[in-house]
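Here is my note on the model you asked me to look over, set out as numbered points. Please keep the structure open beside the text while you read.

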Amino acid sequence: MDGTLEQVRRLLKAARRIAVLTGAGVSAESGIPTFRDAMTGLWAQFRPEDLATPEAFAANPRVVWEWYAWRRELVAKAKPNAGHAALAELERRSPHFALITQNVDGLHARAGSRNVIELHGNIMDDRCFAEGCVLTPGDEIPGTPPRCARCGAPVRPGVVWFGEMLPATALAAACAEAQRSEVFLSIGTSTVVEPAASLPFAALDAGAVVIEVNPARTPLSARATFVLAGAAAEVLPRLLDHETIR
Ligand code: OAD
């Protein structure tokens, strides 16, 4: 892997535009469960259709709210890991850098990343279930779930659920960054959930060098320019090691 790492380091140093897509794997070493890892993934223990859809919330608002409260607690206790820190440092060293994430845990921003595009929202945001607007605690009537003080609808977490559209502005920005990137890093994602899963392929089709960082193979692996097989917290800092990088 050392030869490949050196090649990737040089590509990152020379690149004028870098885009990154991250998934749950980048937060695994912060103690936050992924979704599809066989034994430890959330979807191995819970059914997404029971917890991560508007229909599930309408049918069982308390159950869904309490599940997200449990996940919020995990996220609040978690700390950014060396992989998050390495991406924040890479951004500081790059002329143009966009970090597109499917994660809702906010750890990239807490690690210092600045240009973060949250495709699936943020688990710490509260939104009115009827109007969709972001709420502050002052806008809410306490309860499980709380209620919107304006319209009385239940309060939901500000994440994208299955069957829902992604935030249009975030998705448009992510597509533009993928298509204009010179180097595209796809890190810690199973590359199966659309439309995020198409971003690395859009980058490839636009002529970018695509680098995958993942301990396991994914649908992207066969087409990626480079595959760095390993954990993000171990591999990403090694992309910054040498003084050859700006
Ligand atoms: P998944 O759980 O589907 O995939 C996690 C990926 O991370 C797998 O490919 C693992 O091999 C890899 N992985 C595990 N540990 C890692 C580590 N230490 N370093 C690097 N990679 C590691 O999670 P996502 O691909 O993020 O959707 O899932 C995409 C979406 O599906 C999520 O955003 C969520 C989920 O349902 C919504 O919430 C809408």
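1. Helices (H or I, at least four residues) and strands (E, at least two) are DSSP runs, numbered from the N terminus. Counted in that way, the protein has ten helices and eleven strands. Its radius of gyration, which is taken over C-alpha atoms, is 19 Å, close to the 18 Å that the globule rule (2.2 Å times the number of residues to the power 0.38) gives for 246 residues, so the protein is as compact as a globular protein of that length. Along the principal axes, the C-alpha atoms fill a box of roughly 60 × 35 × 30 Å.

2. A word on the basis of these values: this is a predicted model, in which local features need pLDDT of at least 70 and side-chain atom pairs count only at pLDDT 80 or more, whereas totals for chains, interfaces and linings use all residues. Residues are numbered from 1 along each chain as its sequence is written, and side-chain values use heavy atoms, with hydrogens and water left out.

3. Strands of a sheet pair through backbone hydrogen bonds, either parallel or antiparallel. Here two strands are said to pair if DSSP finds at least two bridges between them. One open sheet has six strands in the order β3-β2-β1-β9-β10-β11, and its pairing is parallel. At its edges stand β3 (116-118) and β11 (226-228), each of which pairs on one side only. From one strand to the next, the twist averages 15 degrees.

4. Within this sheet, strand β1 (residues 17-22) and strand β9 (residues 183-187) pair in the parallel sense over five bridges, and the bridge partner of leucine 21 in β9 is serine 186. Helix α6 (residues 82-93) packs on the sheet and touches β1, β2 (96-101) and β9, where contact means heavy atoms within 4.5 Å. The direction of α6 makes about 150 degrees with that of β2; axes are lines fitted to C-alpha atoms, for helices over the stretch in contact, and angles run from 0 to 180 degrees between N-to-C directions. Helix α8 (residues 168-180) also packs on the sheet, touching β1, β2, β3 and β9, and its direction makes about 130 degrees with that of β3.

5. Another open sheet consists of three strands in the order β5-β4-β8, with antiparallel pairing. Its edges are β5 (134-135) and β8 (155-159), each with a single partner strand, so one side of each is left without a neighbour in the sheet. Strand β4 (residues 121-128) is joined to β5 by two bridges, and aspartate 126 has leucine 135 as its bridge partner in β5. Helix α5 (residues 61-77) packs on this sheet, touching β4 and β8, with a direction at about 140 degrees to that of β4.

6. Which residues are closest to the ligand? They are Phe35, Arg36, Thr189, Ser190 and Asn214, out of 23 that surround the ligand, a residue being near if one of its heavy atoms lies within 4 Å. Polar contacts are pairs of N or O atoms within 3.5 Å. An N or O atom in the side chain of histidine 120 is 2.8 Å from an oxygen atom of the ligand, and a polar side-chain atom of threonine 189 lies 2.7 Å from a ligand oxygen atom. From alanine 232, a backbone N or O atom lies 2.9 Å from a nitrogen atom of the ligand. The protein covers 92% of the 790 Å² of accessible area (Shrake-Rupley method, 1.4 Å probe) that the ligand has on its own.

7. Some backbone details deserve a look. The peptide bond from glutamate 194 to proline 195 is cis, with omega about 0 degrees, and proline 195 lies in the loop between β9 and α9 (199-205).

Definitions and conventions: A polar contact is a pair of N or O atoms within 3.5 Å; within protein, one must be able to donate a hydrogen and the other to accept it, and residues adjacent in sequence count only if both atoms are side-chain atoms.
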